[in-house]
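I opened my notebook and wrote down each thing I looked up. My entries follow the order in which I checked them.

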Amino acid sequence: MGDRETSNHSEMTDFILVGFRVRLELHILLFLLFLLVYAMILLGNIGMIVIIMTDPRLNTPMYFFLGNLSFVDLFYSSVIAPKAMINFWSESKSISFAGCVTQLFLFVLFIVTEAFLLAVMAYDRFIAICNPLLYTVQMSTHLCVQLVTGSYLCGCISSVLQTSMTFTLSFCASRAIDHFYCDDRPLQRISCSDLYIHKMVSLFLCSIIILPTIMVITVSYIYIVSTVLKIPSTEGRKKAFSTCSSHLGVVSVLYGAITFMYVIPDRFPELSKVASLCYTLLTPMLNPLIYSLRNKDVKEALRKILGNKLFLFNSILTENRIK
């Protein structure tokens, strides 16, 4: 009997994603909000990738990293948003055990990759502003590929460790995950295993991901600010700061939400859900907007593409009228 009560996770067929504890009428509003944000994520990030791939002027290290950032944003939001939207209309709100494992694995893979990519982008800006004459030499194609590959590799290693560690826990208290997707902390709440070692290892993983990337970003921007302040012209300083301010905005939102979610003690589940929205939906939506609206090259490339499409459309209309 005791064995039955402490049944291991391997005997489970599915979990239940509780989602947001709001009135039923608000589910429609939340669904529409998620749908609008996810549509903007798809449009913005796919658009950014297409612009970078089709415009030869954007064939630079900065845009190579930005294209990968858009790819990561697109996929990790797609791991979360569609299932969350389905659950707004579902009575069972269930997710299979395999589905939960897959969701956690892919989410950790892409979110950790994004953290390292942001550090790489800070280093790229440091070289561009502090050593502009050596930029093309130091940021070679080979190094750029290595940095991006290393970011994905770190994401993959972290994901394997975190996922395997999480799903070796026993879940005997409940199948209801108090969150809108499968994540480590909500899964800890329904586990009946001793969590001390698990929490220590999770904290260690967070530390070796957050601290080095934050240090790279901080040191890079200390050098960038000191260099920019030495630029004699106001226009030059403004241009340099404009290039970096969008990146800093993204970093602040992402790291602020992640710190609240994974470093601060888990006492407020509902606030954790709101914090999760910042990096699962808000950041992927804002990234293409921030980088395109504040970037002259991207705006010109977009204008060129739209101009070509409009010219093609007018040509087709003219041919149809002649016929």
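**Entry 1: cysteines**

Is Cys156 buried, partly exposed or exposed? I looked up its relative accessibility and found 31%. Buried needs under 20% and exposed needs over 50%, so Cys156 counts as partly exposed. I note here that the model is a predicted one.

Next I checked Cys144. Its relative accessible area is 4%, so I put it down as buried.

I then searched the whole structure for disulfides and got one. The general idea first: a disulfide is a covalent bond between the sulfur atoms of two cysteines. Here Cys100 is joined to Cys182, with 2.0 Å from S to S. Which parts does the pair tie together? Cys100 sits in helix 4, while Cys182 sits in the loop between strand 3 (176–177) and helix 7 (184–189). The bond therefore links parts that are 82 residues apart in sequence.

I also looked up the torsion about the S-S bond of Cys100 and Cys182. It is about -120°, so I wrote "left-handed" for this disulfide. Cys100 has a relative accessible area of 0%, so it is buried. Cys182 is at 0% too, and counts as buried.

**Entry 2: the whole protein**

I stepped back to the overall layout. I listed 11 helices and three strands in the protein. Along the sequence the pattern reads α-β-α-α-β-α-α-α-β-α-α-α-α-α. Of the 323 residues, 44% are buried. I also looked at contacts between residues at least 6 apart in sequence; 80% of them join residues at least 24 apart.

**Entry 3: the core**

In soluble globular proteins, nonpolar side chains tend to be buried together. So I looked for the largest nonpolar core here, and it has 83 residues. Which residues have the most contacts inside it? They are Phe15, Leu118, Leu187 and Tyr279. Helix 4 (residues 97–130) gives the largest share of this core, 21 residues.

I followed Phe15 further. Leaving out residues up to four places away in sequence, its contacts include Lys93, Ile95, Cys100, Phe167 and Leu187. Cys100 is also one half of the disulfide.

**Entry 4: the strands**

Phe15 lies in strand 1 (residues 14–17), on the covered face with Leu17. Asp14 and Ile16 make up the uncovered face. I recalled the general rule: in a regular strand the side chains alternate between the two faces of the sheet.

Which way does strand 1 pair with strand 2 (residues 94–96), parallel or antiparallel? I found the antiparallel sense, over three bridges. Phe15 stands opposite Ile95 in strand 2. With strand 3, strand 1 pairs in the parallel sense, over two bridges. There the bridge partner of Leu17 is Ile177.

**Entry 5: Lys93 and helix 3**

Lys93, a contact of Phe15, lies in the loop between helix 3 (61–89) and strand 2. I checked its backbone: phi is near 55°, a positive value in a residue other than glycine. Is Lys93 buried or exposed? Its relative accessible area is 16%, so it is buried.

Then I went through helix 3 itself. It has 29 residues and reaches 43 Å from its first C-alpha to its last, close to the expected 42 Å. Where is its kink? I located a kink of about 35° at Ser78, shortly before the proline Pro82. Of the 29 residues of helix 3, 21 are buried, so the rest of the structure largely encloses it.

Key:
Residues numbered from 1 in each chain as written. Predicted model: local features only at pLDDT ≥ 70, side-chain atom pairs only at ≥ 80, totals over all residues. Heavy atoms only, no water. Core = buried A, V, L, I, M, F, W, Y, C linked by side-chain atoms within 4.5 Å. Buried < 20%, exposed > 50% of the residue type's maximum accessible area, 1.4 Å probe, protein only. Helix = DSSP H or I, 4+ residues; strand = E, 2+ residues; numbered from the N terminus. Contact = heavy atoms within 4.5 Å. Disulfide = S-S within 2.5 Å. Pairing = 2+ DSSP bridges. Expected span 1.5 Å × (residues − 1). Bend = angle between axes of the 7 residues up to and from the residue.
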